[in-house]
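Hi everyone, thanks for making time for this. I'd like to walk you through one protein chain, slowly and with every term explained.

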Amino acid sequence: MANTNRSGGQDPRTRAINEQRMRREAARRRKSRQAFYRTATRVFVLALGALIVFSAALIFILARDFSKAPEKYSYSLKVVKDDSKFALKNGIAVKNNVCYVSLSDLSEAIGYKLMGNVDVMNAVIDDDNSLSFYVNTDIASVNGNNISVGAPSYFSYTGGDVYVPVTFFDGVLDGVDLVTERRGKNVNYTINISSSEMALAYSKNTPADKVEGLRRTAAPTTDFVADLSEYEQYMNPENADEYIRLINTEYPLGKDYIPTDLMDVADTRKDRAAQQMREYAAKALEAMFIEMRANGISDVSVTSGYRSYAYQEQLFNNSLANFRKSYDYDTAYAKTASEIAIPGTSEHQSGLCADLHNLPSASQRFESTDAYKWLYANCANFGFILRFPKDKQDITGIIFEPWHYRYVGRYHAQKIMQQGLCLEEYCKQNNIGI
C-alpha cells in the first residue's frame with residue numbers, strides 16, 4: 001500500500017519522485033520535438049537546395065543550343081583597303097567553329113549595295129555583277145551560278161543584318177583576297193581589298209562545273225616549317241569532291257572495288273610489309289610526316305593502309321570466331337560486337353585512310369601523346385580528318401580511334417575539323433559523298 005498523508009494524497013517523497021519523472025518525460029518530449037524540427041529543417045534546406053540546382057540545370061539546358069559544336073579555335077578578322085585598315089562596325093561572329101562577317105560591314109569597303117529580306121539578301125555591285133545569299137542555307141548565287149558558301153548564312157535580328165562565312169570571300173571577287181594564318185588554335189583572317197573596279201570572278205557564262213571546281217579548292221597553307229610546295233597539289237586537290245565519299249554500314253563499298261592508283265606509303269612501320277594508299281592520299285600523308293618530323297615528332301609510323309575486301313573478310317571472320325568462342329554469343333550479336341568492320345564497310349578498302357601511332361599496337365592511350373595532339377591540331381591542313389572522334393560514336397558506330405585518319409582533301413578537311421563534325425554529319429548536311 002502506497003504511502004499517503006492524512007489528507008489521502010501522496011507523501012512528499014513519492015510526490016517529488018513523480019514530479020521528477022514528469023519533468024524528465026517533458027524534457028525528453030521537448031528534445032524529441034527539437035530533434036524532429038532540426039531534421040525537418042535540414043530536409044527542407046536540402047530539398048530547397050536540390051530544387052535550386054535542378055532549376056538552374058534545367059534553365060541551362062533549355063537555354064543552351066546543343067546543335068552548336070564546341071568552339072575549338074579563336075578567330076580574328078582584319079580588313080585592309082589600299083594598304084589601310086578598314087574598321088568593321090559589327091566585328092565578327094563565331095558559330096559552330098565558323099567565323100562570320102556581316103554583309104553591311106563590307107558593303108562600303110567593297111562597294112556593293114544590299115537589297116533583300118530575311119530570306120534572300122542580294123549584294124549588287126553593278127548591272128552585270130550581283131551576289132544572292134539564301135539565308136539559313138549554305139547556298140549563294142554568283143551571277144546566276146549556285147555555289148556552296150561552306151556554312152549556312154544567317155540573319156541577325158539584333159543587328160538587322162545578314163552574316164556570311166568569312167571564307168566565302170576567298171576568290172569570289174576580283175580585287176578581294178582572303179589570307180588565312182593559323183597559329184595553334186588562333187585563326188587570323190585578313191581581307192585585302194584594292195580600289196580597282198570590282199567584278200565577280202564568275203560571269204554569267206561560266207560553266208557551273210567550273211565554278212564549283214574553283215570553290216572546292218581551299219586556300220594554300222603557308223605556315224609549314226618544312227618546304228612542302230611540291231605536295232600542295234596532293235594536300236589541296238583541284239577536285240576535292242573525288243575523295244569525300246562516305247563509307248560505312250549504310251554506304252558500303254562493293255566486293256570488287258579496288259582503287260586503280262594505289263602506291264606504297266613512305267612511312268610504313270619497319271615490322272610491316274609496305275602499306276599502300278591511293279596516290280593523292282599517300283603523297284599528302286608523306287607531306288604530313290615530313291612536317292611532323294620538322295616539329296620534333298619522329299616516332300610515329302603507319303601500321304595499316306589499304307585492305308582488300310578479301311583481307312577484310314579474313315580479319316572479320318577471325319575476329320568473329322574468336323568472339324563467339326570466348327563469349328558463346330550467337331552470330332548476329334557477335335557481328336555487332338566485333339571490333340573489326342564488316343567487309344565492304346571498312347574505309348581501309350578505299351585506300352584513303354591510314355592507322356598511325358607510336359605504340360606497340362593501336363590503343364586509345366595514343367590520345368595522351370604529343371604526337372596525337374599535333375595530329376589533331378594539324379591534320380586538316382594536309383587534307384586529313386580524325387575519322388572516329390571521341391564524342392561521335394553514336395553517329396559513326398565506331399569507338400574513338402585516335403590513330404585512324406581519313407583523307408578528304410584540305411577543302412573539306414578544314415571545314416569538318418573546324419566545325420567539330422564527323423564525316424557522316426558533314427556529308428549529310430552538305431548532301432555530298434553519299
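I'll start with the whole chain, then visit one strand, one helix and the cores.

First, a word on where this comes from: it is a predicted model, where local features need pLDDT of at least 70 and side-chain atom pairs count only at pLDDT 80 or more, while totals for chains, interfaces and linings use all residues. Residues are numbered from 1 along each chain as its sequence is written, and side-chain values use heavy atoms, leaving out hydrogens and water.

The chain has eleven helices and 21 strands. Helices (H or I, at least four residues) and strands (E, at least two) are DSSP runs, numbered from the N terminus. Of the 434 residues, 43% count as buried, and buried means under 20% relative accessible area, with a 1.4 Å probe and protein chains only.

Now find strand β4, residues 98–102. How many of its five residues are buried? Five of the five. On one side sit Val98, Tyr100 and Ser102, and on the other Cys99 and Val101, so both faces are covered. In a regular strand, remember, side chains alternate between the two faces of the sheet.

Who are the partners of β4? Two strands pair if DSSP finds at least two bridges between them. Strand β3 (residues 92–95) pairs with β4 in the antiparallel sense over four bridges, and Ile92 stands opposite Val101. These two strands form a hairpin with two residues between them, and Asn96 in that turn has a positive phi of about 50°. Strand β11 (residues 161–165) also pairs with β4 in the antiparallel sense, over three bridges; there, Tyr100 stands opposite Pro165.

Next, helix α8, residues 370–378. Its buried residues are Ala371, Tyr372, Trp374 and Leu375. Seen down the helix axis, they fall within an arc of 165° (taken from the directions from the axis to the C-beta atoms), so they line one face of α8. They pack against α5 (279–294), β19 (353–357), β20 (384–386) and β21 (404–407).

Finally, the cores. A nonpolar core is a set of buried Ala, Val, Leu, Ile, Met, Phe, Trp, Tyr and Cys residues joined through side-chain atoms within 4.5 Å. In the largest, with 50 residues, Leu285, Leu356, Phe382 and Phe384 touch the most other members. Helix α5 gives the most to this core, with eight residues. Apart from it lies another core of 35 residues, among them Val79, Ala109, Val142 and Phe169.

Technical notes
Contact = heavy atoms within 4.5 Å.
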